[in-house]
Amino acid sequence: MEYNIAILRGDGIGPEIVDSAVRVLEKIAVKYGHSFKFKPYLIGGCAIDECGEPLPEETVNGCLESDAVLLGAVGGPEWDGLSGDRRPEKALLGIRSALGLYTNLRPARLFPALRGASPLREDMIENGFDILIVRELTGGIYFGDRGYRDGKFGEEAFDTEAYSVTEIERIGRAAFEAAMKRGKRLCSVDKANVLETSRLWRRTMHTLAEKYPEVEYRDMFVDNAAMQLVRDPKQFDVIVTSNMFGDILSDEASQITGSIGMLASASLGDGTRGMYEPIHGSAPDIAGTGKANPIATILSAAMLLRYSLGLGNEAECIESAVDKVLEQGFRTADIVGDSGSEPVSCEEMTERILSCI
């Protein structure tokens with residue numbers, strides 16, 4: 001079959017890691033007899049430089065016309081002086097909203113070969129862990145009213161969080177459905193002892209839990225969840241939480257796997273079209289040096305195959321290839337750890353993965 005994939009390389013290491021993932025997808029297309037049409041669009045800082053805005057209308061329309069979107073990363077110090085609505089990061093919020101992508105799936109699995117790279121003690125991770133963080137993506141404080149005003153102590157800034165029952169129900173439903181396909185355990189993370197939005201979140205989740213009696217459900221405050229992730233990560237199966245809490249907790253979860261360079265993500269809405277990206281940033285300090293880790297983006301491409309194109313076997317092929325290369329001892333600079341191996345470049349890691357497909 002023929003599929004159209006929008007390519008958003010972005011800034012920093014974005015072009016390097018996206019090109020690596022595209023090469024992997026091209027190999028999959030040959031192996032399984034598919035046709036992938038890749039069309040590039042501008043987003044982030046490079047779009048500002050060329051078009052004067054971080055998210056051009058052409059990019060939005062191109063993504064809407066595609067079957068799936070593969071994104072690298074955006075941002076860099078050269079655009080830090082811009083106002084908030086013109087910064088590269090604003091494009092991420094805009095494209096998620098334009099595509100209706102309210103569910104963000106962030107798997108955090110400890111690869112057996114990378115056990116030594118995790119900062120946690122061996123006795124805490126000897127049996128590994130496999131967590132799926134389901135993050136609400138188009139609501140909450142990142143999308144609420146914001147601005148400046150005169151306050152008690154003079155000028156102050158404000159950001160407002162708001163959640164509706166509808167927004168909570170749809171992300172909650174996605175999390176329960178995900179749990180049903182995994183270990184049937186769901187932990188909902190909030191701050192209901194302080195925040196009204198969290199009280200509504202918890203009340204709505206409790207109502208939803210009644211429809212999924214097979215799922216073992218529990219609530220947890222976000223500060224406790226942050227502690228529990230580094231104390232006993234294997235206690236978690238699926239975690240569902242708000243936009244900001246999910247942003248923070250998923251980065252913490254990435255670090256206990258050994259490196260943020262290993263974690264993929266999928267952003268989904270009501271249809272099959274989704275946007276797939278590594279959870280790390282643009283890392284401008286290593287752009288062009290060959291030190292970037294392409295694995296998170298390559299695994300994001302695997303998620304693209306699974307969730308948007310329905311190609312589960314092809315996704316497993318990529319994931320298996322990544323496992324094999326890590327078992328063979330190959331590491332990029334961010335995951336060398338105490339393995340004793342010399343780091344390989346982004347290009348060489350890509351070649352190794354290609355050779356295992």
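The pockets, the strand pairing around β5 and the cysteines of a predicted model are described in turn below.

The largest pocket of the predicted model encloses about 880 Å³ of space. Its lining comprises 28 residues, and those lying nearest the centre of the pocket are L105, L132, M303, R306 and Y307. Two or more lining residues are contributed by each of the strands β4 (103-109), β5 (130-136) and β11 (264-268), and likewise by each of the helices α6 (165-180) and α10 (295-307). In character, the lining of this largest pocket divides into 15 nonpolar, 4 polar and 9 charged residues.

The second largest pocket has a volume of about 470 Å³. It is lined by 23 residues, among which E89, L92, R96, R135 and D247 are the closest to the centre of the pocket. The elements that supply two or more residues to this second lining are the strands β3 (68-73) and β12 (274-278), together with the helices α4 (90-99) and α9 (243-256). When the lining of the second largest pocket is sorted by residue type, 10 residues are nonpolar, 4 are polar and 9 are charged.

Strand β5, which gives two or more residues to the lining of the largest pocket, is mostly covered, with 6 of its 7 residues buried. The strand is paired with β4 in an antiparallel arrangement through 7 bridges, and within this pairing R106 has I133 of β5 as its bridge partner. Strand β5 is also joined to β10 (residues 238-241), in this case by 4 bridges and in a parallel arrangement; here V134 is matched with V240 of β10 as its bridge partner. In a regular strand, the side chains alternate between the two faces of the sheet.

With regard to the cysteines, the model holds 0 disulfides. C46 takes part in no disulfide, and the nearest cysteine sulfur, which belongs to C51, lies 8.4 Å away. This separation of 8.4 Å does not meet the criterion for a disulfide, because the two sulfur atoms of such a pair must be within 2.5 Å. The solvent exposure of two cysteines was also examined. C46 has a relative accessibility of 22% and therefore counts as partly exposed, whereas C187, at 2% relative accessibility, counts as buried. The assignment of C187 follows because buried means under 20% relative accessible area, and C46, at 22%, is classed as partly exposed because that class covers the range between the buried and exposed limits.

Terms used:
Residues numbered from 1 in each chain as written. Predicted model: local features only at pLDDT ≥ 70, side-chain atom pairs only at ≥ 80, totals over all residues. Heavy atoms only, no water. 1 Å grid on protein atoms, 1.4 Å probe; cavity = no way out; pocket = protein on both sides within 12 Å on 5 of 7 lines; lining within 4 Å. Points joined across faces, edges and corners; volume = space filled by probe spheres on them. Nonpolar A, V, L, I, M, F, W, Y, C, P; charged D, E, K, R; others polar. Buried < 20%, exposed > 50% of the residue type's maximum accessible area, 1.4 Å probe, protein only. Pairing = 2+ DSSP bridges.
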